[in-house]
Amino acid sequence: MEKEKVLIKGNYAIAQAAVNAGCQCYFGYPITPQTEIGEYLSGKMQGLGRGYVCAESELAAINMVMGAVSTGVKAMTSSSSCAVALMQEALSYAASDELPVVLVNVMRTGPGLGYIYPAQGDYNQAVYGGGNGDYKIIVLAPSTVQECVDLTYRAFYLAQKYRNPVILLADGLLGQMMEPASFGDYPYPEVDVSSWALTGAKGREARKIYSVAPDEKKQIQHIYDLHKKFEVISQNETSYEEFNVDDADYILTAFGSMTRNIKAAMNVLREKGLKIGAFRPITLSPFPYTRINELATKKKDFIVVEMNMGQMFKDVKYAINGKSNVELVNRPCGEWLSVEEIVSSVEKIIGRKQYAASI
Amino acid sequence: METNFILAGFGGQGILLAGTILANAFMLEGKNVTWYPCYGAEMRGGTVNCEIVVSDTEVSSVHKQDTDYALVLNQQSFDKFVKRVKAGGTIISNSTLVADSRPRNDINYIFAPMTELANNLGTSKVTNIVSLGVLASVCNIVSKDYLAKGIEKVLNEKKKDLIPLNIKALNAIEKECLV
């Protein structure tokens, strides 16, 4: 695979990365702003002798993915916000059945059918889920087209490594924009699925994958096991990026493509002499609670910047646990908060605090 | 340093392709660049635009409220984007389709008969590439050499035979001819 950079749309980058990762089957239903993923794969998969189905609905698509991954192959679907809502029941089943489903959500605006332009309103949907029961999904949030590639690779690897559904949470801005990216080879080892995959029982004992335990004790144990697994995932896989946090009084925090804007705002504010850092979770689930708590213990205040009504804000607040302060700078949807708007909001917050401290 | 461009015109004028070529040119030059289109329920014959941000360091926001350069190929785009040019910025217009008006005195105006120059080459389809040539003549961070490489890269896959015509279109305007 060439290391050369190509100028490519986020959606196409995700699709090509899925091909490189060895995704054998794609099932999907078109919806703006992620339709290019299915479009790209419709031509590509056929040429490679792999599976592509334009399903009759999103519900069908995610259930087809569950069927495919049960056999041990890598498979994925992609969709956007209101259509990912339709898949929530299946995600709960996939988490319970420990199926390595990969789901790409290129977020648009909600609630309801909403609007086709980018937003970040599906943080709760992805991280906390809309399915029933105590289950957890791994959620990865890219901020650049290069990361659309890198985190798609990681999504396929983590899904199989932990037998857990993974959501790649991108947004319409990332899906539609072009940026130079390089692909390289799929950087992870192949996971051995032979101990559980349904590959035909000839010569071995039959296996079943199902999510009903007609036995109280078994069900209790199953939930404990799922959560023990997620603790291991939290320990091994939690990832984040931080910039200038050591001497910072305030730490700007964002996820996904908003990360670019808070980094630029941090640089502007630093030039003005303010001690500002930036922090960005790469895994939204598992969330970097421990690191945020450490920073809060050092009396660093947080300013969460997001394109929703304060969804990640709650997780940051929970992580801080009263050890420092947290403020929200947000807009529900529409034009992304600009660097200038973030800078002026931060200056207002700091000004207000200095005034409060002076009286 | 970060510089941003808005390219705008009718759907069908090749705005997104011109933007793709410009972004490729910056990439080939080793710069950081992003390309972001307006997308949505657009109709054929409606307006289309894309934003390109180029930077020595990582590109900050991809979609900005104002722009250093606006390259507009029709009147509607002129009317819409003349307001979004930064003070001291430049609007470059296709004078074949845009009337010479200067509603603000804090920006620079360049007019060039892009569609006419394209027609002189035999087809109005290369108006978009003529416009990139005009942009390169006006804006010193855009290089005609790299634009030519961008054209080769983008057209190489399916439309190789059109490369010579497009290179001609890129060089259709001489700097001295601009008003």
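Q: Which elements make a β-α-β unit with β10(A), and what is the handedness of that unit?
A: In this predicted model, strand β10(A), helix α10 (residues 258-271) of chain A and strand β11(A) make a β-α-β unit that is right-handed.

Q: In what sense do β10(A) and β11(A) pair, and over how many bridges?
A: The strands β10(A) and β11 (residues 276-281) pair in the parallel sense, over 4 bridges. Within β11(A), Phe279(A) stands opposite Thr253(A).

Q: How many bridges join β10(A) to β13(A)?
A: There are 4 bridges between β10(A) and strand β13 (residues 301-306) of chain A, and these two strands run parallel. Here Phe302(A) in β13(A) is the bridge partner of Ile251(A).

Q: How should one read the two faces of a strand, and which residues lie on each side of β10(A)?
A: In a regular strand, side chains alternate between the two faces of the sheet. For β10 (residues 250-253) of chain A, Tyr250(A) and Leu252(A) lie on one side, while Ile251(A) and Thr253(A) lie on the other. All four are buried, so that both faces are covered.

Q: Turning to chain B, how many helices and strands are there?
A: Chain B has 6 helices and 6 strands. Their order from the N terminus is β-α-β-β-β-α-β-β-α-α-α-α.

Q: What radius of gyration does chain B have, and with what value does one compare it?
A: A compact globule of 179 residues would have a radius of gyration near 16 Å; the 15 Å of chain B agrees with this. Along the principal axes, its C-alpha atoms fill a box of roughly 40 × 40 × 35 Å.

Q: What percentage of the residues in chain B is buried?
A: Of the 179 residues in chain B, 48% are buried.

Terms used:
Residues are numbered from 1 along each chain as its sequence is written. Chains are lettered from A and ligands numbered from 1 in the order in which they are written. This is a predicted model: local features need pLDDT of at least 70, side-chain atom pairs count only at pLDDT 80 or more; totals for chains, interfaces and linings use all residues. A residue is buried if 20 or more other C-beta atoms lie within 10 Å of its own, exposed if 12 or fewer, and partly exposed in between; C-beta atoms are placed from the backbone. Two strands pair if DSSP finds at least two bridges between them. A crossover is right-handed if, with the strands pointing away from the viewer, the path from the first strand over the helix to the second runs clockwise. The radius of gyration is taken over C-alpha atoms; the globule rule is 2.2 Å times the number of residues to the power 0.38.
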